[in-house]
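Me: Please examine the model shown below with me. I should like to go through it by question and answer.

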Amino acid sequence: MKHEDQTRSLVTEVVPEAFPWVRFLPREDVQAFVVELVDALEGAEALCNPAPVAQVITSWRHTAEVHADPELLAVLQRDGDDFGAVPAPGAADA
């Protein structure tokens with residue numbers, strides 16, 4: 001399915017009914033969500049474990065939340081300084 005443009009386009013049109021928050025994502029991100037969701041569904045079925053599907057949905061929903069907030073999106077898209085490597089948790093305490 002993920003390789004057939006017509007099928008992917010159809011699914012992309014239907015997805016907003018099941019996941020209304022995708023309306024805040026750019027169209028190419030909706031398509032990426034669909035592909036990733038299908039991959040996760042296939043893998044989760046093989047494992048008999050829905051956790052990977054829930055993680056994909058949660059991650060993309062957070063991405064939609066960022067796109068829904070123009071100020072936050074602008075901050076996250078802004079070029080900034082790289083402050084270097086981040087120490088591992090607890091490393092600063094040693």
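Me: Which pattern does the chain follow, read along the sequence?
Reply: This is a predicted model. Its secondary structure comes to 4 helices and 0 strands. Read along the sequence, the pattern is therefore written with helix symbols, helices and strands being DSSP runs numbered from the N terminus. The chain follows α-α-α-α.

Me: In which helix is confidence lowest, and in which is it highest?
Reply: For the chain, the mean pLDDT is 87, and 88% of the residues reach 70 or more. Where pLDDT is low, the predicted coordinates should not be read in detail. Confidence is lowest in helix H1 (residues 5-18), at a mean of 77, and highest, at 97, in helix H3 (residues 51-68).

Me: What percentage of the residues in the chain is buried?
Reply: A residue counts as buried when its relative accessible area is under 20%. The chain has 94 residues, and the buried share of them is 21%.

Me: What share of the accessible surface belongs to carbon and sulfur atoms?
Reply: The accessible surface of the chain comes to about 7,000 Å². The part of this surface that belongs to carbon and sulfur atoms is 57%.

Me: Is cysteine 48 buried or exposed?
Reply: Cysteine 48 is found in the loop between helix H2 (27-47) and H3. Although not a glycine, cysteine 48 has a positive phi of about 55 degrees; most residues other than glycine have a negative phi. The relative accessibility of cysteine 48 is 72%, and the cut-off is over 50%. Cysteine 48 therefore counts as exposed.

Me: Which residues form a nonpolar patch on the surface?
Reply: One member of the patch, valine 75, lies in helix H4 (residues 70-77). Valine 75 has a relative accessible area of 41% and is partly exposed, so valine 75 passes the patch cut-off of over 30%. Together the members have about 250 Å² of accessible area, and they are Leu72, Val75 and Leu76.

Me: Which side chains meet in a salt bridge?
Reply: The count comes to 1 salt bridge. Its N to O distance is 3.9 Å, and the cut-off is within 4 Å, so the pair qualifies. Both partners are exposed. The side chains are those of glutamate 17 and arginine 23.

Me: Among contacts between residues at least 6 apart in sequence, what percentage joins residues at least 24 apart?
Reply: A contact here requires heavy atoms within 4.5 Å. Among contacts in the chain between residues at least 6 apart in sequence, the share joining residues at least 24 apart is 39%.

How values were computed. Residues numbered from 1 in each chain as written. Predicted model: local features only at pLDDT ≥ 70, side-chain atom pairs only at ≥ 80, totals over all residues. Heavy atoms only, no water. pLDDT = per-residue confidence, 0-100. Helix = DSSP H or I, 4+ residues; strand = E, 2+ residues; numbered from the N terminus. Buried < 20%, exposed > 50% of the residue type's maximum accessible area, 1.4 Å probe, protein only. Areas by Shrake-Rupley, 256 points an atom, 1.4 Å probe, with all protein chains shown as cover. Patch = residues over 30% accessible without salt bridge, like charges linked within 9 Å, V, L, I, M, F, W, Y side chains within 5 Å.
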